[in-house]
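Here is a short note to help you find your way around this structure. Have a look at the model first, then follow the points below in order.

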Amino acid sequence: MAAAGTLLHHVPESPAAAPRTLSGPRQAQARRQAEATKRKHQASSETPPVKRRNEASFLPAKKAAAKETQRTFKGKARKTFSPKKSLVGVSDGPREQKPCVRTSSLFKNNPEIPELHRPVVKQVQEKVFTSDAFHELDLHPHLISTINTVLNMTSMTSIQKQSIPALLEGRDALVRSQTGSGKTLAYCIPVVQSLQAMKSKIQRSDGPYALVLVPTRELALQSFNTVQKLLKPFTWIVPGVLMGGERRKSEKARLRKGINILISTPGRLVDHIKSTKNIHFRRIRWLILDEADRILDLGFEKDITVILNAINAECQKRQNVLLSATLTEGVTRLADISLLNPVRISVLDEHRGQSDPKGRAVPEASPLPAGAEPDSFAIPESLDQHVTLVPSKLRLVSLAAFILQQCKFEKDQKMIVFFSSCELVEFHYHLFLQTLQSRSGAPASGPLPSASTPLKFLRLHGNMEQEERTAVFQEFSHSKTGVLLCTDVAARGLDLPQVTWIVQYNAPPSPAEYIHRIGRTARIGCHGSSLLILAPSEAEYVNSLASHKINISEIKMEDILSVLTRDDCFKGSRWGSQKSRAAGPQEIRERATVLQTVFEDYVHSSSRRVSWAKKALQAFIRAYATYPRELKHIFHVRSLHLGHVAKSFGLRDAPQNLSVAAVKRRKANLNRPDLHQETQSKHRLAEILHSEFSSGAEASVAKVKKQNKHARARQPATQHCLQPAPSLSRGKN
Ligand SMILES: Nc1ncnc2c1ncn2[C@@H]1O[C@H](COP(=O)(O)OP(=O)(O)OP(=O)(O)O)[C@@H](O)[C@H]1O
């Protein structure tokens, strides 16, 4: 496979540039063509039309764009190398053997980018820290010294100051505070304090006293690490984590020996409830649901029902705590059923403004104030949120340019890019690895751009082996720079230090997920930024966010693409001999086209890669079809231009079979009116969520899926929709 350096030449500059795949008369012919092109090309680049160079608009009206394109190198290249004769592909050979490639009409026929009339809203804000120290709490002195010396923390955060005393009183609680505000310790400290103080000293063989459920394996590991640190002085209390992926046998052995504070993902725990004899919940005193709204969500309902039934069968009295940055009324209502007179703890601005003009947190836990909107979530004050509107064809180059801008030309940047599915992560990871990372910092010509940092890409999603997932998680955690491409598996709870940028390449399905994704930066008072990439047809999503008091400012696409002028890798041949000129819109377009060509060449260099890109495109469309009903008017598959979207997967044309498949599916649906569309998309969403957050017992999951499929086929259609968990369903009715 060709490295980036070899790819970044789109027009042959010399006879030697003819691809080595040709020989004899064809090669001579190609040479002649190349020379002719070069002459024509040079002629045009020597006298670039003044009008074009001074153009103010980056994305001109259709007509102008079409005219423009004919005169640019794209037009020339197209004219000289008609598709039939064009020598598609990449070269594995030395750099002088430059491929001549088909070019991409990136800037033609794009929809107009609308003016973004974003409403400015006042975001809900919370104060992170208090001036109160941990030693002011009634905690065991060894616990306080562990917090001070092992965790290096002295003052409490607002949510800790409110939660710890309330939980130590033995109350059930709903805890809501912004992302990165210290909710983990807000429940871990009371759990450890209460267990170490038990009159009859805990034995390992007693089994679990506290059960902590979290949605993902990485979060399970992270929470386990925190608990383990807090337990340093209390060696007789044993923590343990069940997170799937790991060998079930060793987990069984650990369960047999005894785990007193058990941290698990729901799926894995269900797996053990069903298959491990000696798991029991006789002594459970604490049940913690971290990221409670996620855990009580569609994808986990069945698992949670199994777990609650298992616990309720053995122990009735326990303290329940639900935490999340986005606890909504819906979740609260569900929680009311299993919680006993819970205290609602939140650190809202409204509180602060009314009762404490100095902005200190309210000292006592109290219910949400009457006027507070339950679905307006607090966002860290130091988080700058941005949005950019990018036509589908330009999405891929815009994302790549933004990564280059932040992570190559800025220092010490650490970025997380969210995608809607595992396939999309895999596709972009390999594409960027082979085109941007390989030889990154080694442009095809000219010196290294100043202040450039080598790019490092990592990826994380639910279809990876657990060992690799853990290794990536650790590597990205400890790394100062890098780009992590991931699904929502990394959206909740993960505390990855020093993340400076969050990019959402695919819009999230709900404001809550938006909050959690951006919440991976600007944690515990640090500064961070986020970028949401939307298509012009999706611009209204900004209003939808504003209705949840989410304030977001625009970055123009051309400002993102302009970074390409900082790296001569992306130089169009028209500018070949000219040095340091002011970058005009035309040059930026040419460079964006060169970059797109690099991607297209990579994808089209083998049929395997083409089908892989098609699969990724298919996955994108599948995920696009799962947006909830309230967002369907913004994100509807019908509004996707398949050909344009295909470009963002490096495909030169829209795959024919995709649309046929869609039509077939539509026809099939028409034949089966019993399959309600909404039910179907709910199923798809649930399946995606389930696979994303699977227990790790993949074989059994697949088996269960298969069984379910058969069972569904046998059941009447009305039963297809996911039934709410028995114990929770009453709350919904
Ligand atoms: N009192 C404190 N002083 C200093 N740092 C703290 C304190 N409490 C927690 N932290 C640190 O703040 C970071 C965020 O904490 P944590 O992960 O618990 O946030 P969170 O509220 O659970 O976030 P999310 O909603 O995203 O899950 C962690 O690195 C944690 O170690």
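1. Let us start where the two domains meet: 25 residues of domain 1 are in contact with 21 residues of domain 2, contact being heavy atoms within 4.5 Å. Domain 1 covers 128–346, and domain 2 is made of 379–437 + 454–571 + 586–648; these bounds come from an automatic or database domain assignment.

2. A word on the basis of this note: the model is predicted, local features need pLDDT of at least 70, side-chain atom pairs count only at pLDDT 80 or more, and totals for chains, interfaces and linings use all residues. Residues are numbered from 1 along each chain as its sequence is written, and side-chain values use heavy atoms, with hydrogens and water left out.

3. How much area is buried between domain 1 and domain 2? The value is about 1800 Å², of which carbon and sulfur atoms give 58%; buried area is the accessible area (1.4 Å probe) that two parts lose on being put together, summed over both. On the domain 1 side, T179, E218 and Q222 lose the most area to domain 2, together 33% of what that side buries.

4. Charged pairs also span this interface, where the rule finds 3 salt bridges (a side-chain nitrogen of Lys or Arg within 4 Å of a carboxyl oxygen of Asp or Glu). D293 forms a salt bridge with R492, and their closest N and O atoms are 2.8 Å apart. Two elements, α9 (217–230) and α12 (292–295), give two or more residues to the side of domain 1 that touches domain 2; helices are DSSP runs of H or I, at least four residues, and strands are runs of E, at least two, numbered from the N terminus. The most comes from α9, with 5 residues.

5. Now turn to H386, which you will find in strand β10 (residues 383–389). Is H386 buried or exposed? H386 is buried, because its relative accessible area is 16%, and buried means under 20%, exposed over 50%, partly exposed in between (1.4 Å probe, protein chains only). Leaving aside neighbours within four places in sequence, H386 is in contact with several residues, including W501, L531 and I555.

6. Finally, the whole chain: the protein chain has 28 helices and 16 strands, and buried residues make up 58% of its 733 residues. Among contacts between residues at least 6 apart in sequence, 79% join residues at least 24 apart.
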